[in-house]
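Dear colleague,

I am passing on a structure for your consideration, with a short account of what was found in it. Please note that it is a predicted model.

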Amino acid sequence: METVFSAIQPTGGFHIGNFLGAVQSWVDLLGKYRCFYSIVDLHALTQDYEPKDMAPRVEEMAAELLAAGVDPDKCTLFVQSHVHEHAELEWILNCVTPYGDLTRMTQFKDKSERVEVVNAGILNYPVLMAADILLYRATRVPVGVDQVQHLELAREITRRFNGRFGETFAEPMPIHTKALKILGLDGKQKMSKSLGNALQVSDAPDVIRKKLQNAFTDPTRLRKTDPGHPESCYVCGLQGYFASPEETARLHEGCRSATAGCVDSKRALAENVIRYFEPLREKSAELRAHPEKIRQILGDGAQTARKVAQETMRTVREKLGLY
Ligand code: TYM
């Protein structure tokens with residue numbers, strides 16, 4: 001059975017971009033691959049944060065992943081910092097990665113523009129990703145489109161490592177998810193909590209309604225009586241993920257024939273999103289009421305992950321000729 005690795009940063013819970021772009025396919029892959037899924041708190045250190053918030057953020061993310069169907073009996077779910085080998089392999093991979101390859105990463109450029117001080121972690125972020133994947137000898141990596149360039153770099157790093165120290169790792173390939181890139185509520189940039197344009201799965205119903213009221217729609221539709229273009233409307237596009245095919249067709253037709261306005265589309269989407277995530281929200285709240293269960297699952301996951309990671313590192317140290 002091939003191995004899958006994927007990961008998510010502990011931003012608290014996830015937003016619908018993470019859900020459609022990644023988490024949904026994590027669940028679909030269970031049983032078909034040997035799956036390792038990680039909450040990558042070391043990656044999250046590259047952004048400014050309050051230390052007291054980190055543990056609750058990790059716990060919330062774990063609860064939501066479990067509630068979304070990431071079944072710990074069918075995969076290994078763990079916290080990145082619990083397996084020290086991630087940082088060790090990252091250092092080693094840094095030493096086969098040209099600096100220029102890192103500075104040309106689109107995300108590095110974007111993130112560097114948004115912060116006052118560019119820490120070296122932002123630069124080395126994709127090297128840690130490569131370490132995450134290779135530690136488990138994963139060959140398949142489900143990610144959204146924003147991570148494809150990082151995955152290409154991970155393959156390049158793999159080639160360089162193999163070229164320098166002898167064939168050790170297979171090159172990891174992406175698994176493209178059906179929703180490659182979900183735009184934020186502004187309809188311009190990708191959905192991201194740090195950009196303030198995200199619809200969180202855990203948002204209370206009233207927050208979802210309020211956020212969607214201000215969502216981007218169809219810029220060519222100025223009056224309610226103008227016929228809409230559901231294929232280029234942000235809100236109509238999202239309906240397809242949360243409404244049945246029949247309801248989606250009906251909503252699109254209402255937009256096209258101008259019998260329904262953008263406000264109606266937004267209201268319908270809000271109610272569909274609320275309904276869709278209701279069971280997830282309830283299950284996640286139940287789990288959060290029993291943090292000991294979450295700790296147990298993540299502890300077991302770390303133990304399994306550590307065994308595999310330690311085995312890989314034995315090989316790596318040998319290949320490097322370390323004393
Ligand atoms: P993160 O937490 O930013 O994103 C987690 C996953 O969600 C996907 N995603 C999206 N997909 C569609 N539309 C969006 N707006 C959107 N926003 C996020 C991301 O593509 C990702 O799959 N750096 C990774 C985490 C990571 C990782 C790894 C992934 C660390 N090591 C190794 C794969 C393999 C990240 O983007 O996290």
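Helix α4 (residues 85-94) and helix α13 (residues 291-320) have axes that come within 10 Å and cross at roughly 25°. Because angles under 35 degrees count as roughly parallel, α4 is roughly parallel to α13. Their crossing is left-handed. On the α4 side, Glu85, Glu88, Leu89 and Ile92 make the contact, and they meet Arg306, Ala309, Gln310, Met313, Val316, Arg317 and Leu320 of α13. By class, this contact of α4 with α13 comprises six nonpolar, one polar and four charged residues.

Helix α13 also takes part in the second largest pocket, since α3 (51-68) and α13 are the elements that give two or more residues to its lining. This pocket holds about 160 Å³ of space. Its lining consists of Asp41, Ala55, Val58, Glu59, Val79, Ser81, His82, Ile294, Arg295 and Leu298. Of these residues, five are nonpolar, two polar and three charged.

A further helix pair is formed by α9 (residues 205-213) and α12 (residues 262-288), whose axes come within 9 Å and cross at roughly 145°. Here the crossing is right-handed. Pro205, Ile208, Arg209, Leu212 and Gln213 of α9 are in contact with Lys266, Leu269, Ala270, Glu271, Val273, Ile274 and Arg281 of α12. The contact of α9 with α12 divides into seven nonpolar, one polar and four charged residues.

Yours sincerely

Terms used. Residues are numbered from 1 along each chain as its sequence is written. This is a predicted model: local features need pLDDT of at least 70, side-chain atom pairs count only at pLDDT 80 or more; totals for chains, interfaces and linings use all residues. Side-chain values use heavy atoms; hydrogens and water are left out. Axes are lines fitted to C-alpha atoms, for helices over the stretch in contact, and angles run from 0 to 180 degrees between N-to-C directions. Helices (H or I, at least four residues) and strands (E, at least two) are DSSP runs, numbered from the N terminus. Angles under 35 degrees count as roughly parallel, over 145 as roughly antiparallel, 65 to 115 as roughly perpendicular and the rest as oblique. A crossing is left-handed if the near helix is turned anticlockwise from the far one by less than a right angle, and right-handed if clockwise. Contact means heavy atoms within 4.5 Å. Ala, Val, Leu, Ile, Met, Phe, Trp, Tyr, Cys and Pro count as nonpolar, Asp, Glu, Lys and Arg as charged, and the others, Gly among them, as polar. On a 1 Å grid over the protein atoms alone, a cavity is a set of points where a 1.4 Å probe fits but cannot get out, and a pocket is an open set with protein on both sides within 12 Å along at least five of seven lines; lining residues have an atom within 4 Å of a point. Grid points are joined across faces, edges and corners, and a volume is the space filled by probe spheres set on the points.
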